[in-house]
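Visitor: I would like a close look at a single part of this model, namely its aromatic ring pairs, with enough of the surroundings to place them.

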Amino acid sequence: MKVFSWVFLVFILHLLSPALSLNGLALDISIRFLNYAKKEELVNWMVGVRRKIHENPELGYEEFETSKLIRAELDKMGIKYKYPVAVTGVVGFVGTGKPPFVALRADMDALAMKEMVEWKHKSKVPGTMHACGHDAHVTMLLGAAKILQEHQEELKGTVVLVFQPAEEGGGGAKKMIDAGALENVNAIFGLHVDPMLPIGQVASRPGPLLAGNGFFEAVISGKGGHAAIPQQSIDPILAASNVIVNLQHLVSREADPLDSQVVTVAKFQGGGAFNVIPDSAKIGGTFRAFSKESFMQLRQRINEVITRQASVQRCKASIDFLENDPPTVNNEQLHKYFKIVAGGVLGIDNIKDMPPSMGSEDFAFYQEVIPGYFFFIGMQNETRKQLQSPHSPLFEINEDVLPHGAALHASLAANYLLEFQTEVPLPEETHHDEL
């Protein structure tokens, strides 16, 4: 790092509260971790791990082979862990086994979609693909585990490695919490690859980052009959159509324009013939908001609109609200801390502020329990082809991101333990027996 950058960082640190005043040793850790992560041997190992995971994608709570690979690598490193946690989850421990405890999280599950990218390591599982980067997330956390284990004498506490199943709508984070994954943990960090952000940059913000996300499914029941004699039927297709139109008014006419919300009906199933009015129709979709109050209000109004609009058309409606994720809200103090540490790893100019997004993340469940921070890490290289967005069958990973993510994970954890240790009591009886 250039002398000017070091001087500027030290100046900024002195302006912050004592809890955030990282010293020269902490900044030195960040630089050394990045250099270590960029070693050819470690990079090649991470690339190999990531490709193995990519070839064998598994859906939520089915990540048995992924979990087996993780445990095998942790065994090679000599890192203790708990398994199974929430069916397929793994929780590892690096450090002293005593407080403070800080956690790093990676999600493991893939998506139910066919990969359209033709390359040597294409998915071998029909209809299943790592189209959201979770294979890279697992790899970067394993890379961080290797860095931390190699430097464990510098850890002033314990890093908890959270390998989580079922992020894609399965509520895996909640089940990990229920299983005790956050026991004694003081803070947690998580990341997500971003194909639109340039390689070497990260982006996030304090406060609301991602929206709360809910899914709904409704069955609207009428009375089937011949399409040529509609008066003898009660048409659920017409009722469902009116429901969809009126659901769109919830945001445009009822929501505060300054309080971003979304209601989208993405599924409509009804009938199978041109001349038959079916007995029922099914609709489904998602709703999103940045506050719990707005989210619950939206949920209530969706229920009312569906049931009452169906009734207007003489139909009945049953509604099922499926798993939902709360809003992802970044801790303000951890945001300041993140900018300092990430600036030490990647350079101050590569830390970007991002606007809130209507995407969702079940990392939010962790943030409801303890202070948490979630950020995006760039992987777009302008000299190569444009990467596709997550959840696309053409989604790809720029593997140059792997050392950056591993070094950031390790630096955030190690520096947190170093800087926050004096604020956390260290009673002997709170250590983890498994260590």
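Visitor: Which residues do ring pairs link into a cluster?

Guide: The model is predicted, and in it ring pairs join Phe 216, Phe 287, Phe 295 and Phe 321 into a cluster. A charged side chain also meets this group, since Arg 299 lies over the face of Phe 321, at 4.1 Å from the ring centre. For context, UniProt places the feature "domain: Peptidase M20 dimerisation", from an unreviewed entry, at residues 215-310; that span is 39% helix and 31% strand, and its end C-alpha atoms lie 19 Å apart.

With ring centres within 6.5 Å as the criterion for a pair, the count comes to eleven aromatic pairs. One of them is formed by Phe 189 and Tyr 337, whose centres are 5.9 Å apart and whose planes stand at 45°, so the pair is tilted. This pair links distant parts of the chain, with Phe 189 in strand 5 (residues 185-198) and Tyr 337 in helix 10 (residues 332-346), 148 residues apart. Phe 189 has a relative accessible area of 0% and is therefore buried, the limit being under 20%, and Tyr 337, at 0% relative accessibility, counts as buried too. Tyr 337 also forms an aromatic pair with Tyr 416, and here the arrangement is edge-to-face, at 6.1 Å centre to centre and 85° between the planes. That pair again links distant parts of the chain, from Tyr 337 in helix 10 to Tyr 416 in helix 12 (residues 401-420), 79 residues apart, and Tyr 416 is buried, as is Tyr 337.

A further ring has a charge over it: the charged end of Lys 146 sits over the ring of Trp 45, 4.5 Å from its centre. Trp 45 is among the buried residues of helix 3, which also include Leu 42, Met 46, Val 49 and Ile 53. The 16 residues of helix 3 (residues 40-55) should span 22 Å at 1.5 Å a residue, and its end C-alpha atoms are 23 Å apart, which agrees.

As for the wider setting, the protein chain has twelve helices and 16 strands, and its radius of gyration is 24 Å, close to the 22 Å that the globule rule gives for 435 residues, so the chain is as compact as a globular protein of that length. Buried residues make up 53% of the 435 residues, and among contacts between residues at least 6 apart in sequence, 81% join residues at least 24 apart.

Notes. Residues numbered from 1 in each chain as written. Predicted model: local features only at pLDDT ≥ 70, side-chain atom pairs only at ≥ 80, totals over all residues. Heavy atoms only, no water. Phe/Tyr/Trp six-rings, centres within 6.5 Å; stacked < 30°, edge-to-face > 60°. Helix = DSSP H or I, 4+ residues; strand = E, 2+ residues; numbered from the N terminus. Buried < 20%, exposed > 50% of the residue type's maximum accessible area, 1.4 Å probe, protein only. Lys NZ or Arg CZ within 6 Å of the ring centre and 35° of its normal. Expected span 1.5 Å × (residues − 1). UniProt positions renumbered as here; feature names shortened; annotations may be inferred. Rg over C-alpha atoms; globule rule 2.2 N^0.38 Å. Contact = heavy atoms within 4.5 Å.
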